[in-house]
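Me: I would like to work through this model with you, one question at a time, and I would ask that each reply give its reasoning before it settles on a value or a name.

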Amino acid sequence: MPTRFLATPALALLLVASGAQCRAAESPEPDGAVAVPDTLRLTFDYAGVEALTSALERDSLGDTDVDALLRVHGVRAMVDNVTRFVPGIGEPEFRRAVQSFARTKRRSDLDRYFGLNEVWRARRDMRALVGRLRSKEADIRHRLLVQLAPYQPNTGPLVASAYFVAGGVSTGFVPDDASGRMYANIVRAGDGYDGVVDNLAHEAYHVMQKAAQRRAGLGAFADSVESLPLPDRLLATTLAEGTAQYITEARGRDGRPPRAGRVRQHFAVLDTVLAGLRDGSLAWERAYARGFTSEENERFYVLGQEMTRAIERHCGRACVARMFERHPAEFFREYVRLYRAHPDIVGRFAPATEAFVAAPATGR
Ligand SMILES: [Zn+2]
């Protein structure tokens with residue numbers, strides 16, 4: 001992702017953890033007492049939400065107004081993230097979209113990428129939400145810590161910056177770089193305040209995953225996932241999203257697991273997608289769409305969540321955390337070992353997938 005960062009450091013959210021890591025005990029007991037690190041500082045950046053909302057309320061926007069808007073880090077990053085997922089759609093399209101929306105207050109064909117109409121319609125709710133978030137920062141910080149500490153991989157000292165944004169194609173995102181920045185789209189927070197906090201926790205776990213992978217000499221999975229061989233990229237993305245989803249969504253961790261038939265389907269789709277990536281018949285964009293988008297029921301999020309559920313239950317939370325010190329194939333190998341030992345685990349891979357993840361290769 002391009003690194004055109006223009007943030008004001010004073011506005012950045014800082015999440016600072018001590019070097020002393022909290023690791024869960026080597027026990028399959030899921031509800032053991034959790035030591036929470038006490039050296040975390042958390043501040044928040046709302047400028048992306050506020051600047052875009054104010055801009056849309058204007059009657060018109062000149063080129064210099066849009067220049068100023070794009071100098072707000074949370075806006076710039078949202079636009080760059082659209083380009084990351086939809087190459088060919090970026091700053092020029094955003095300029096056209098935002099100028100047109102200010103003038104007409106009507107959605108344009110570019111709205112499917114930038115979601116300006118959605119931001120406009122939600123502006124009052126968003127202002128109220130920003131007010132609530134500002135007044136609850138200590139509470140949010142505590143919730144993040146309690147939720148993530150039991151699964152925190154070996155990150156070392158951790159510094160992360162978080163930004164609330166509005167619009168764009170993602171619910172939240174973390175760029176593939178070592179900046180430690182994370183972004184949460186508050187328009188897409190389904191459950192209001194709680195949804196935003198869950199969303200932020202999900203992105204914060206991605207920051208932890210990447211920090212641990214870098215520390216373990218696995219920087220390729222943290223910072224250049226886009227240049228990995230496509231089958232490895234699928235394994236890495238499934239690990240990153242499945243664990244983050246499981247840990248930060250109440251329905252993943254504590255809720256009722258999805259129906260067995262649905263789970264089996266998801267595993268069969270992964271077998272097919274992996275085979276297509278291996279023989280070159282499937283492009284990454286299509287693989288990503290089949291597994292990780294809401295149009296296709298986010299099926300590999302659910303699949304990765306079920307894998308994480310089994311690993312926590314039978315191997316313990318520390319086992320989940322250790323997955324970021326190994327090649328992502330280990331997440332799959334561990335899961336295969338578990339379902340061979342525990343017939344009650346329903347999601348199974350085809351023999352070709354089992355053989356692929358088991359095959360020794362450089363760096364695995
Ligand atoms: Zn994610």
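Me: What percentage of the residues of the protein count as buried?
Reply: This is a predicted model, and the protein in it has 18 helices and four strands. A residue counts as buried when 20 or more other C-beta atoms lie within 10 Å of its own. Of the 364 residues of the protein, the share that counts as buried is 42%.

Me: What share of the contacts with a separation of 6 or more is made by residues 24 or more positions apart?
Reply: One pair far apart in sequence is Ala-47 and Val-72, which are 25 residues apart along the chain and have C-alpha atoms 6.8 Å apart. For the protein as a whole, among contacts with a separation of 6 or more, the share that comes from residues 24 or more positions apart is 73%.

Me: How many of the 13 residues of H3 are buried?
Reply: Helix H3 covers residues 73-85, and its span of 19 Å from first C-alpha to last is close to the 18 Å expected at 1.5 Å a residue. The buried residues run from His-73, Gly-74, Val-75, Arg-76 and Ala-77 to Met-78, Val-79, Asp-80, Asn-81 and Val-82. The helix is largely enclosed by the rest of the structure, because the number of its 13 residues that are buried is 10.

Me: Is Ser-54 buried or exposed?
Reply: Ser-54 has its place in helix H1, and its C-alpha lies 9.2 Å from that of Arg-123, a residue 69 positions away in sequence. The cut-off for an exposed residue is 12 or fewer other C-beta atoms within 10 Å. Ser-54 has 11 such neighbours, so it counts as exposed.

Me: How does Ala-47 count, with 18 C-beta neighbours inside 10 Å?
Reply: Ala-47 is found in helix H1, which covers residues 47-57. A residue is buried at 20 or more neighbours and exposed at 12 or fewer, with partly exposed in between. Ala-47 has 18 C-beta neighbours inside 10 Å, and therefore it counts as partly exposed.

Me: Which residue has a positive phi although it is not a glycine?
Reply: The residue in question lies in the loop between helix H4 (91-104) and helix H5 (111-114). It is partly exposed, with 13 other C-beta atoms within 10 Å. Its phi is about 55 degrees, and the residue is Lys-105.

Me: What distance separates the C-alpha atoms of Gly-172 and Tyr-183?
Reply: Gly-172 lies in strand E3, residues 172-173, and is buried, with 26 other C-beta atoms within 10 Å. Leaving aside residues up to four places away in sequence, Gly-172 touches Tyr-183, Ala-184, Asn-185, Asn-199, His-202 and Glu-203. Gly-172 and Tyr-183 are 11 residues apart along the chain, and their C-alpha atoms are separated by 5.3 Å.

Me: At roughly what angle do the axes of H7 and H9 cross?
Reply: Leu-129, Arg-132 and Leu-133 of H7 meet Gly-192, Tyr-193 and Val-196 of H9. By class, this contact has four nonpolar, one polar and one charged residues. The crossing is right-handed, and the axes of H7 (residues 123-135) and H9 (residues 192-215) come within 10 Å and cross at roughly 65 degrees.

Me: How are H9 and H11 oriented to each other?
Reply: On the H9 side the contact includes Asp-198, Ala-201, His-202 and Tyr-205, and on the H11 side it includes Ala-240, Ala-244 and Ile-247. The residues of this contact divide into five nonpolar, five polar and one charged. The axes of H9 and H11 (residues 230-248) are 9 Å apart, and the helices pack at an angle of about 135 degrees. The two helices are therefore oblique.

Me: How are H11 and H14 oriented to each other?
Reply: The axes of H11 and H14 (residues 284-292) come within 11 Å and cross at roughly 25 degrees, and the contact is made by Leu-230, Arg-233, Leu-234, Thr-237 and Glu-241 of H11 with Trp-284, Ala-287 and Phe-292 of H14. These residues divide into five nonpolar, one polar and two charged. Angles under 35 degrees count as roughly parallel, and H11 and H14 are therefore roughly parallel.

Methods
Residues numbered from 1 in each chain as written. Predicted model: local features only at pLDDT ≥ 70, side-chain atom pairs only at ≥ 80, totals over all residues. Axes fitted to C-alpha atoms, helices over the stretch in contact; angles between N-to-C directions. Left-handed = near helix turned anticlockwise from the far one by under 90°. Contact = placed C-beta atoms within 7 Å. Nonpolar A, V, L, I, M, F, W, Y, C, P; charged D, E, K, R; others polar. Expected span 1.5 Å × (residues − 1). Parallel < 35°, antiparallel > 145°, perpendicular 65-115°, else oblique.
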